[in-house]
Every structure is written in structure tokens, then in C-alpha cells.
Amino acid sequence: MKKPKVNRMVLAMFLGCFIIAIFYCQNNLKQASKSAIEGTNGQKSRRSPLQTLYDGDQVESSVQAAHQGRRELLEEACRSYTRKRRVLIPEDLKHVMVDDRHGLLYCYVPKVACTNWKRVLMVLTGAAGPHRDPLDIPAHEAHVAGTLRTLSEYSTAEINRRLRSYLKFVFVREPFERLVSAYRNKFTRSYNEAFHKRYGTKIVRRHRPDPRPEALEAGDDVSFEEFVYYLVDPATQREEPFNEHWERVHSLCHPCLIHYDVVGKYETLEQDSSYVLRLAGAEQQVAFPASHKSTRTTGDMAAQFFHKIHPFYQKKLFNLYRMDFLLFNYSTPAYLKFT
């Protein structure tokens, strides 16, 4: 008669152990989830820059609206002016720099504050070593290959994961101001001897009637007109791609293939840079360097350089850079004579 009582006791013990096991497993699962959320340094996870951007509650609504407007204009221009969409290849991603710590992808464009943005990313990724002020990093160090990883270095799966989940941003500039800035920097500065030898001598040889032997040797006195002739000459791009300093932004960063979340502009550089750092939660960690250059290329300066360019070549050059004007909502410059 005692057997049923014993059986009930065994069953009760079994059920008790089962319930304890369930609670134990649930507790372990919670701990595992907590560990997954926390980073390797033990800090609680924060929202990604992408979440911060599209949740929209961490940034002023007027700033959000301005950047949403830029995204929409870019998307509309891509729909209107590009016919065929192709698949991205690693070659397309050589200008896209990766910050895994903060979930950022930055496509750098020469002559659009890219030196300072590389410095900032070096601080954010730890590549700057002890430096915490971007301006403490020598400019040449910011451009050393391998200092910052590019998206092209990853596997296809890792590329796709970062494109889906990281904040993608690019900074652009009025195309002809950027072009004049590139000319001034690379062809009128004595310290850029490598550019004089590499490109200046070729430009002089092809586009200057009866050049002096010294000019053919040094290539250090290229005029802006000769530079324009070089750019619009079909043979130039048949031989090799444009140098990145005067290559079009749409060819460097592929904005109709990569959905950029933030399109910063050189004209609002400090405001847009602060916006990106705020989205990344890094505004307390690093500040984007303020610009105090009095020699920066302006629209008035660009107008002076274009004053001597014949309207025929102005139009050819505009057609060459037309997509950058359209995609990033820049008006045709008033100083051009062909309009």
C-alpha cells in the first residue's frame, strides 16, 4: 500500500528537478544574451550609428530633415540619370574606409577634407596610437596605405554585412572648386615634384606647342588651361584612369550602387562632420578639426581660373563632371560662358 506514496514522492522530486533545470537554463540564456550584448571591454552595447540615424530621436529634427533631403535628391538623381545598375566589385570599394569599433564606412574624396577625416578615423580606430587630437597626426601619416582598412580587403560576406549594418557616409564638394583646388595643390606647389614628373611632363609634352627642354624635364609650370586640355583629351582616360585627386566623385564612391546614409558637403563641413560623430556616439572622444585656411579654393577663385578657358572647353569639361553636379545638387556655375 506504500508503493503509490513512494511513486508520488519520486514523481514530485523529478518534477522539482525539471523545474529547477528550466530556471537554470533560462538564467544561463539570459547571461549569454547579456554577454553577447556587452562588448569585449565589458561595456554595455550602444545603439549603432545606423539605428541612431533612422530612429531620429537623438539629433535635431532640422538636421535630420536636411540630410534626408540630400538622400532623397541623390536617389532621385540616380533613378533619373543612370540606366543600368551593376553589381559592386571589390575594386569599387578601395576608397571606402572601415571603422569596426563604431560601425562606420567612409568613402574618402581627395580635396574634400579627406586628410582630416582620415586623422579622425585613426583616432577612433586606435590607429593613431597615443594621439587623441587629430591635428597631432602628421598629414603624410594619414595617407599611408594600410593604416586604415578599406572595405575591398574583406570577403564578400563581410563586405555585405558591413554595407547592411554600418553607417555609410561621404563628403562632396562643388566639382569645379574641387578641381581648381586639385590643380593648385598638385601643379603650383614646388613640393609636389612627384606630380610634376608623373603628370606635368606628360601634359607639357602633349598640350604645349614647342615646349622648352627644361619644362619637358621638370613639368613644374603646367597652366590651368593645359590641365583642362589634358582632362578633356579622350586619349587621357584611354591610357589610364584619372588620378584620384581629379577623378569624379561618382567614379570613386559609386553613390548609385552604395546607399549612403549621410552625404556631407564641404560647404557645411564642420556641421556635417559633427553630425556624423554624434551619430557614432563619438563626439566626446574626438572633435573634427576646425578649418582656418585662408588659402582654400572658393567659388570666386574658381571663376578666375575659368576666365581664360574657351567656352568650347568649358562645355567639354562640364560634360565630363556633369554627373557630380547632378547627383549632389550643385548648380551650373554662373561664370561659365557656354550657358
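**Disulfides, salt bridges and a buried arginine**

The torsion about the S-S bond of cysteine 107 and cysteine 253 is about -90°, so this disulfide is left-handed. Cysteine 107 belongs to strand S2 (residues 104-107) and cysteine 253 to helix H12, so the pair ties together parts that are 146 residues apart in sequence. The sulfur atoms of cysteine 107 and cysteine 253 are 2.0 Å apart. At both ends the link is covered: cysteine 107 is buried, with a relative accessible area of 0%, and cysteine 253 counts as buried at 1% relative accessibility. These values, like those that follow, were computed from a predicted model.

A disulfide is a covalent bond between the sulfur atoms of two cysteines. The count for this model comes to two disulfides. In the other pair, cysteine 78 and cysteine 256 are joined, with their sulfur atoms 2.0 Å apart. An angle of -85° about the S-S bond makes the link of cysteine 78 and cysteine 256 left-handed. This pair also links distant parts of the chain, for cysteine 78 sits in helix H3 (residues 61-81) and cysteine 256 in the loop between helix H12 (249-253) and strand S4 (262-265), 178 residues apart. Here too the partners are buried: cysteine 78 has a relative accessible area of 8%, and cysteine 256 has one of 14%. When the bonded cysteines of the chain are numbered in sequence order, the pairing reads 1-4, 2-3. A further cysteine deserves a brief mention, since cysteine 114 counts as buried at 6% relative accessibility.

It helps to set these links within the whole chain. The chain has 339 residues, and buried residues make up 43% of them. Its secondary structure consists of 16 helices and four strands. Of the contacts with a separation of 6 or more, 70% are between residues 24 or more positions apart. The chain exposes about 19000 Å², and carbon and sulfur atoms supply 54% of that area.

Attention now turns to charged side chains. Side chains of opposite charge can pair when their charged atoms come close. In this model the count comes to 19 salt bridges. One of them joins the side chains of glutamate 239 and lysine 202, with an N to O distance of 3.6 Å. Distant parts of the chain are linked by this pair, as glutamate 239 is in helix H11 (residues 234-239) and lysine 202 is in helix H8 (residues 193-207), 37 residues apart. The two partners differ in their surroundings: glutamate 239 is partly exposed, with a relative accessible area of 46%, whereas lysine 202 is buried, with a relative accessible area of 11%. Both residues belong to a network of salt bridges that links Arg198, Lys202, Arg206, Glu239 and Glu240.

Another salt bridge brings together the side chains of arginine 208 and aspartate 221, at 3.2 Å from N to O. Arginine 208 lies in the loop between H8 and helix H9 (213-218), while aspartate 221 lies in the loop between H9 and helix H10 (224-232), so the pair ties together parts that are 13 residues apart in sequence. Arginine 208 is buried, with a relative accessible area of 18%, and aspartate 221 is partly exposed, with a relative accessible area of 30%. The side chains of glutamate 91 and lysine 94 also meet in a salt bridge, with 3.2 Å between N and O. Within that pair, lysine 94 is partly exposed at a relative accessible area of 45%.

Arginine 184 offers a contrast to these paired residues. Arginine 184 is buried yet has no salt bridge, and its place is in helix H7 (residues 175-187). The nearest side chain of opposite charge is that of glutamate 177, 9.7 Å away, whereas a salt bridge calls for a nitrogen to oxygen distance within 4 Å. Which residues, then, does arginine 184 touch, not counting those up to four places away in sequence? The contacts are with Arg189, Thr295, Arg296, Thr297, Met301 and Phe305.

How values were computed
Residues are numbered from 1 along each chain as its sequence is written. This is a predicted model: local features need pLDDT of at least 70, side-chain atom pairs count only at pLDDT 80 or more; totals for chains, interfaces and linings use all residues. Side-chain values use heavy atoms; hydrogens and water are left out. Helices (H or I, at least four residues) and strands (E, at least two) are DSSP runs, numbered from the N terminus. Buried means under 20% relative accessible area, exposed over 50%, partly exposed in between (1.4 Å probe, protein chains only). Contact means heavy atoms within 4.5 Å. Accessible areas come from the Shrake-Rupley method with a 1.4 Å probe; for residues, only the protein chains shown count as cover. Lys and Arg count as positive and Asp and Glu as negative; His and the chain ends are not counted. A disulfide is a pair of cysteine sulfur atoms within 2.5 Å.
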